[in-house]
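Trainee: Got a few minutes to look at something with me? I'd like to go through it bit by bit.
Mentor: Sure, put it up and ask away.

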Amino acid sequence: MKVILFFKLLFYRSALFGILISVWWIISYMKVFPEYAFPSPNNIWLSFVKLVNSFRFYSDIMYSLYRILFGFLVTIFTAIPLGVLIGLYLRSSKSLITVFNFFRFISPLAWIPFAILWFQIGDKPAIFIIIMASFFPLIISVIAAVRNIPESFFRVAKEYQFSKRDMFMKLILPAINRELITSLRICFGISWVVIIAAEMVGSQDGLGYAIWDARNGLKLDVAVCYIITIGVLGILLDNIFQYCLTKTRGNVYAK
Amino acid sequence: MQNSSDISVKFENVHLSFDDFVLFQELNFTIKKKEFVSIVGPSGCGKTSILNLIAGYLAPSEGAVTVNGNIRTVFQNSSLFPWLSVRENILIGKNKTKGNTEVYKYLLHKLKLEPFENFYPNQLSGGMRQKVELMRILVGETDIILLDEPFSALDYINRITIRNDFVNAMKELDKTIILITHDIDEAIEMSQRICVLNKKPTTIIDDIGLNKSYSGEAGQQQLHDLKYSIISKLTT
Amino acid sequence: MFRLTVILLVLFITVVSVKSAGILSASFWKKEQVEKKRVLEKINVGHLPVTCHLTCPVTDYTSKTTTTEYEFVSKRFFDFPTIANAIQSKDLMATMMVAPLAFKLKQDGVPIRICYLGHRDGSQVIVKKNSNYKSIDDLVGKNIAVPSLYSNQHFVLYALLKEKGYDVSDVNFIPLPPPEMPMALASGAIDAFFVGEPFPAKAEMEDVGRVLYLSSEIWPDFISCVLVVHEDLIKNKPDAVKELVRGIAESGAWLEENREQAANLAAEYYNQDVNLLKYILMAKSPQRVSYINLQPSYAEFTRINQIGVEIGLLDRMQNINELVDLSFIPNVVSPAKIEYKKQ
């Protein structure tokens, strides 16, 4: 039964994919747009094959992954503890939240000039941009999630004499777990989008830089290959979050 | 000081007021150890405030509230941790070996929770969750158990079944139990003593001792009369 | 949540180890010349992947096999503002840059000096293939794209139109990123563009545009980009600057004589189409870009300054002596000894 389902899904997805490629092929065949502005699937495939056989491709992926993971991990280890503290203890944290919100609405890309001035060129500006992109939405989400924990849970914790450490590890983290992972998933999406742009200006390698380089070298077919890679990688990474979400226990709030 | 070794809860001349509004004046009553008392009255008469005073969440404006022993409460809304199984919730804050004791197994059986030991709260009905909460309390070393309208959220049939399960479980365990409810049937069925409260101002208008150790032992007619007498007192 | 953190940490550690093990660089696998390489001091030189800046990667190439103690590493950028930031923060100590921007930075207080030129000519005015524009006068009232308002392309056109008596508000100068100019021309968003190679050639090869003017026809020995050096480098390592300028001069001489090899080298360094580069570099009459005679004159710079002030983009007339340092230019320039082998 499950096998049939699997193949069914596979069929539908391939069919959809096939339709997209066919439409693309038709458009480029009919030369609706000039070749250099709208590369044909054929050219893309050739470029892709060449790319996959180059070291540069993999090293670009590694660089981008390195930066986004570094920045993301920094954000996780700072925003979550800080957010929990603020959510629990600061009654008048509204003004703090406003400050965070203010920064959240500044496009991370607007920080690029500063990132380059302060951190020069390389890994650091990209990591900085990632942190700016993911820290603020995350901390706001953590604060809200902590505030949403029902009072009764805290009462139970007090009754059973939970230590501070227990409060954090056994009450708060499990209680906000689902919201946290969902929020992280969103922040990751933002970071992934942002790093491509950040690398275009601030780095000398990485996926974003490679796209920009290809575009400046007037090789849009290479650029498209990288774009496809970015999309695929994004999905694969997103699946990590989805997987972790399925592994959460119980529904957060029983009705 | 009186010898208070056999008294669980004592209210002496307790006044409670919020700003201008005076809730009780000179409230006096005593609850002995291992008694099962119901506090009955219309909503708004301060039943929850009494609970808060007993549990220590509120302090009286005047007078003294004395409590001997640990208190745990079962509220109307479940406070089970949704990410823990039934078993884990019950054993919260306790040594994990308690899960192997006779008491645990006994209660699990009496409350008919055996098949659900590894379920999660969101898979259980409201009544079962209340049972799990009760069991969480009973497995520990609590002296006084407060039940704050625990069955109000349940439908009629459930209320009756679960009421029976509760009573069966608590029968052997010798704890002081204070039940707050607006359901008179429930009070009569479950408890040994009923305090009837009225509001404006909140006073104890009746304190009825039922001559039984637990429910079901009184004759049907007696219960019927008792119930209507309480109702008539509340509605005058 | 723990599971997630653990997964991310594991991923991170994997990436870090792969990166540091250097598995992903060609040199790791080729187990290259483990000949005792002298440790050379690296100096970063910035540039854009445009034909005008070709002397930069060529210098990089030569310095890899040099006998001096410096290795000039060419760092590729994509826009001038980032280069400006990089030289301000001393991430770069030397770079190719459009001339007017160098003036602007100096006036903003960045301690730089112009030491040499990058090239001469090398820009063209392109119009749509099937348009019937014949001369500059036809461009009045139209949209002309330039790489930046601080580019010499902008300045020169402005001056030319003014000389001819037109009111300069009659022409619409639009700063556009050069890679987008051919498409913008094809779609009609602009009527012409004036930019350095390889973008004009690209438009020609794609059958989208044709040359209206070569820069050499508008302003003989047209200057576009200059070599800018941070004053600290001049002060602390003047011999490095001397090496750099000499390297550029000799690279230029080599480029001039070995156009085909140059196209191959540029294609590799810039990741661009080799045929396009051959088309540009091997054009004979008229020549499209020149890499010799790179010594600037005070008169040329003064003129640029004047135009800048007229347009309002520069604040004042600069004392050229403070901006320029021509002491590093070698007296005799011979072509670099390069044997370029296609990788």
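Trainee: Which residue does C:E180 form a salt bridge with?
Mentor: C:E180 pairs with A:R215, and their closest N and O atoms are 2.2 Å apart. Keep in mind that this is a predicted model.

Trainee: How many salt bridges are there between chain C and chain A?
Mentor: The count is 3. There are also 5 residue pairs in polar contact across that interface, with both residues at pLDDT 80 or more.

Trainee: And which parts of chain C supply the side that touches chain A?
Mentor: At least two residues each come from α1 (2-21), α2 (26-30), β2, α4, α7 (181-187) and α8 (199-205) of chain C. The one that gives the most is α1(C), with 13 residues.

Trainee: How many residues are in contact on the two sides?
Mentor: On chain C it's 45 residues, and they meet 47 residues of chain A. Together the two chains bury about 4100 Å², with 73% of that on carbon and sulfur atoms.

Trainee: Which pair of chains has the most contacts?
Mentor: Chains A and C, among the 2 pairs of chains that touch.

Trainee: What about chain B and chain C, how far apart are their closest C-alpha atoms?
Mentor: They lie 13 Å apart, and no contact joins those two chains.

Trainee: OK, switching to the fold of chain C. What's the strand order in the open sheet?
Mentor: The sheet has 5 strands in the order β2-β1-β3-β11-β4 (chain C), and the pairing is mixed.

Trainee: Why is one side of β2 and of β4 left without a neighbour in the sheet?
Mentor: Because β2 (70-76) and β4 (112-117) of chain C stand at the edges, each of them has a single partner strand. As for the twist, neighbouring strands in this sheet are turned by 30° against each other on average, if you ignore direction.

Trainee: So is β2(C) mostly covered or mostly open?
Mentor: Mostly covered, as 6 of its 7 residues are buried. That edge strand also turned up in the side of chain C that touches chain A.

Trainee: And how many residues of β4(C) are buried?
Mentor: For β4(C) it's 5 of 6, which also makes that strand mostly covered.

Trainee: Walk me through the pairings. Do β1(C) and β2(C) pair in the parallel or the antiparallel sense?
Mentor: Parallel, over 7 bridges. If you want a spot to click on, C:E41 has C:Y70 in β2(C) as its bridge partner.

Trainee: How many bridges join β1 to β3?
Mentor: There are 2 bridges between β1 (residues 41-47) and β3 (residues 94-98) of chain C, and those strands run parallel. Look for C:G46, which stands opposite C:T95 in β3(C).

Trainee: And at the other end, how do β4(C) and β11(C) run, parallel or antiparallel?
Mentor: Antiparallel, with 5 bridges joining them. There, C:R113 has C:V229 in β11(C) as its bridge partner.

Trainee: Which strands does helix α4 of chain C lie across?
Mentor: Helix α4 (residues 80-88) lies across β1, β3, β4 and β11 (225-230) of chain C, and its direction is at about 145° to β3(C).

Trainee: Now for backbone oddities. Where is the cis peptide bond?
Mentor: Between C:E197 and C:P198, with omega at about 10°. C:P198 is in the loop between β9 (192-196) and α8 of chain C.

Trainee: What's phi for C:D121?
Mentor: It's positive, about 60°, although C:D121 is not a glycine. You'll find C:D121 in strand β5 (residues 120-121) of chain C. At a relative accessible area of 10%, C:D121 is buried.

Trainee: And B:E149, what's the phi there?
Mentor: Phi of B:E149 is near 45°, again a positive value in a residue other than glycine. B:E149 is in the loop between β6 (144-148) and α5 (156-171) of chain B, and is buried, with a relative accessible area of 14%.

Trainee: Last one, over in chain A: why does A:A133 count as buried?
Mentor: Its relative accessible area is 5%, and buried means under 20%. A:A133 is in helix α6 (residues 123-147) of chain A.

Trainee: Which residues does A:A133 touch?
Mentor: Leaving out residues up to four places away in sequence, A:A133 touches A:P108, A:I190 and A:V194. A:T75 is 58 residues from A:A133 in sequence, with 9.5 Å between their C-alpha atoms.

Methods:
Residues numbered from 1 in each chain as written. Chains lettered and ligands numbered in written order. Predicted model: local features only at pLDDT ≥ 70, side-chain atom pairs only at ≥ 80, totals over all residues. Heavy atoms only, no water. Pairing = 2+ DSSP bridges. Helix = DSSP H or I, 4+ residues; strand = E, 2+ residues; numbered from the N terminus. Axes fitted to C-alpha atoms, helices over the stretch in contact; angles between N-to-C directions. Contact = heavy atoms within 4.5 Å. Buried < 20%, exposed > 50% of the residue type's maximum accessible area, 1.4 Å probe, protein only. Buried area = accessible area lost by both parts, 1.4 Å probe. Salt bridge = Lys/Arg side-chain N within 4 Å of Asp/Glu carboxyl O. Polar contact = N/O pair within 3.5 Å; in protein donor to acceptor, adjacent residues only side chain to side chain.
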